[in-house]
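Here is a set of short exercises to work through with the model open beside you. Try each task yourself before you read the solution.

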Amino acid sequence: GGPGGRVASGMGRVCRTGARPRRSVGRSSELVGTMDEVTAIARPRQSDGELPTLAKSWDPLVRPLALGCFLLALIYNSAALGGIPGVVLPNSLPLLIGIACVGFAVILPRDRAVVVPLGAVGVLAMAILSILWSQDEASSILWLRSQGAVTLGITAMVIVLPTSNTISVLKAYVRVVVAITMFAVTVEPLARIHIDPLGQAPPLKGWHGYFVHKNIMAAFLVFALATVLAFDKNKVSRYVSLASIAFLFVVSDSTTGRMAALVLVAVDIWFLTNQRLSGRSSAALGAATGALVAMVGVAIGASLNAIADAAGKDLTFTGRTKIWSASWNAFLRDPIIGHGVNGLFGTPRTVETASVLREIGFQAGHPHNGLLDVAVQFGAVGIVLVIAVVVSVFRSSVKLQRRSPEVAGWALCAISAIVIMSVGESVFLGSSIATMILLRTVILREATAPQRGVETSSVRRHR
């Protein structure tokens, strides 16, 4: 709002307040959005491309610190250091990182519009507000002080940073975490087996580095794979990263993660094929699409057969349905707004959690399904929000493929892998809230940038 401000609706139109709407140049210059999501855009008071003199003077000092803080927030959000044997990270660390990121976002000089994806940020807002009705208030407050604070920091940074800065930090993030994980599995025996710290489950096979669990590492690896394929153009770094990621997938023993990675690669091949072909009726495109559909079907089937509970048991089909049935019954008890963030399956157990585990009959740390996890925590409202964000990322990626193919391919591959993993794992919330905010914000920033503007040209430099 205000003079010179802009407001973008979910219909995809962008107008300056107090001025006549400018005509779009081609379909590629349309704002990519959906009816399910409204995106707010606020423009800095200075003219486009012009920074105040004072801002220019402090930018060389502030920006590197801000990017470093952004990198720390991403590393913490991934839980890449959450399972170091004998090391407990200070409880105040994530809160300080989140506050620092928000502070830098406020003072960081900006030379173009600030894009806020209201749908994706709405999921984060829902998580924060759900503390008010949480069935496990202590666990919810702990989430806010830890992962919630870091997610807020990541959100603040990504909505103010230009795409070039965001991509640079994402590449550094992937390289650092992959290097740390390779170091961990090389020197630390406990990084090559999972031992339940509470003693409630037998040891699990599968390497996980300093991640708490192999499936948490798998969620990072699929995002890392999408990022390397899209943005890492340095041959040495690219092939070393890809080889390391492939090795970690093999030793992780995470079938869900492996299937998500295979689908990600299939989506990438389909996307590249579509980019090279002029007509959608091409036989090659049809074959690629058919292969992609077949791969998705295989991945979903394999994911259903590979689900294991937190106790390390190789569950039968009946065992899996017990988790889903008990989670569904818990959802029906609070169907509109759910039990709150981390309101169920927490430790120490609440009365509600104990009741659900008794119904299941064995240890389970989460519902083992993405949508059921959302339903349990945020109810029907949360399901609508998450589905709207996922659909908008898919739709926007397809629309953006001609204008900004690298960003479009990155987002399409990443969200496809998340959806596949969600069949057997609770991956829509937790660290994935920040991931969806990242995906949606970068897509919108590219969609609203001038055709030859700062954002699109900065992405081209990564090719």
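The exercises below go from the whole chain to single residues, and the model they use is a predicted one.

**Exercise 1. The chain as a whole**

Task: Find how many helices and strands the protein chain has, and what percentage of its residues count as buried.

Solution:
- Start with the secondary structure: the protein chain holds 15 helices and six strands.
- Turn next to accessibility: 53% of the 463 residues count as buried.
- Finish with the contacts: among those with a separation of 6 or more, 77% are made by residues 24 or more positions apart.

**Exercise 2. A salt bridge between a helix and a loop**

Task: D232 forms a salt bridge; which residue is its partner, and how far apart are the closest N and O atoms?

Solution:
- The partner is R175, and the closest N and O atoms of the two are 3.1 Å apart.
- Place both residues next: R175 belongs to helix α5 (residues 163-187), while D232 sits in the loop between α6 (214-231) and α7 (235-252), so this pair ties together parts that are 57 residues apart in sequence.
- Now compare each with the cut-off of 20% relative accessible area, under which a residue is buried. D232 has 3% relative accessibility and counts as buried. R175, at 35%, counts as partly exposed.

**Exercise 3. A salt bridge between two helices**

Task: Locate the salt bridge of E352 with R333 and decide whether each residue is buried or partly exposed.

Solution:
- In this salt bridge the closest N and O atoms of E352 and R333 are 2.8 Å apart.
- The pair links distant parts of the chain, with R333 in helix α10 (residues 317-333) and E352 in helix α11 (residues 351-360), 19 residues apart.
- E352 counts as buried at 17% relative accessibility, whereas R333 is partly exposed with a relative accessible area of 40%.
- Salt bridges that share partners also join K214, D253 and R258 into one network.
- Within that network, R258 and D253 form a salt bridge whose closest N and O atoms lie 3.9 Å apart. R258 is partly exposed at 28% relative accessibility, and D253 is partly exposed at 24%.
- To round off the count, a search of the whole structure finds five salt bridges.

**Exercise 4. Two packed helices**

Task: Describe how helix α12 packs with helix α14: what are the angle and the distance between their axes, and which residues meet?

Solution:
- Helix α12 (residues 370-400) packs with helix α14 (residues 432-448) at an angle of about 35°, and their axes are 10 Å apart.
- The crossing of α12 and α14 is left-handed.
- On the α12 side the contact uses V389, V390, S392, V393, S396, S397 and L400; on the α14 side it uses M436, R440, I443, E446 and A447.
- Sorted by class, the contact of α12 with α14 has seven nonpolar, three polar and two charged residues.

**Exercise 5. Side chains that reach a backbone oxygen**

Task: For Q401 and S416, find which backbone oxygen each side chain reaches.

Solution:
- Q401 is placed in the loop between α12 and α13 (405-421). At 2% relative accessibility, Q401 counts as buried.
- A polar atom of the Q401 side chain lies 3.1 Å from the backbone oxygen of V398.
- S416 is part of helix α13 and, at 8% relative accessibility, counts as buried.
- The S416 side chain reaches the backbone oxygen of L412 at 2.6 Å.
- Leaving aside residues up to four places away in sequence, S416 touches V267 and F394.

**Exercise 6. Positive phi values**

Task: Where are A79 and N342 found, and what is phi near in each?

Solution:
- Begin with the background: most residues other than glycine have a negative phi.
- A79 is found in the loop between α1 (53-78) and α2 (92-107), and its phi is near 65°, a positive value in a residue other than glycine.
- N342 is found in the loop between α10 and α11, with a positive phi near 55°. N342 is partly exposed, having a relative accessible area of 29%.
- As a last stop, look at A354 in helix α11. A354 and L344 are ten residues apart in sequence, and their C-alpha atoms are 9.2 Å apart in space. At 21% relative accessibility, A354 counts as partly exposed.

Conventions. Residues are numbered from 1 along each chain as its sequence is written. This is a predicted model: local features need pLDDT of at least 70, side-chain atom pairs count only at pLDDT 80 or more; totals for chains, interfaces and linings use all residues. Side-chain values use heavy atoms; hydrogens and water are left out. A salt bridge is a side-chain nitrogen of Lys or Arg within 4 Å of a carboxyl oxygen of Asp or Glu. Helices (H or I, at least four residues) and strands (E, at least two) are DSSP runs, numbered from the N terminus. Buried means under 20% relative accessible area, exposed over 50%, partly exposed in between (1.4 Å probe, protein chains only). Axes are lines fitted to C-alpha atoms, for helices over the stretch in contact, and angles run from 0 to 180 degrees between N-to-C directions. A crossing is left-handed if the near helix is turned anticlockwise from the far one by less than a right angle, and right-handed if clockwise. Contact means heavy atoms within 4.5 Å. Ala, Val, Leu, Ile, Met, Phe, Trp, Tyr, Cys and Pro count as nonpolar, Asp, Glu, Lys and Arg as charged, and the others, Gly among them, as polar. A polar contact is a pair of N or O atoms within 3.5 Å; within protein, one must be able to donate a hydrogen and the other to accept it, and residues adjacent in sequence count only if both atoms are side-chain atoms.
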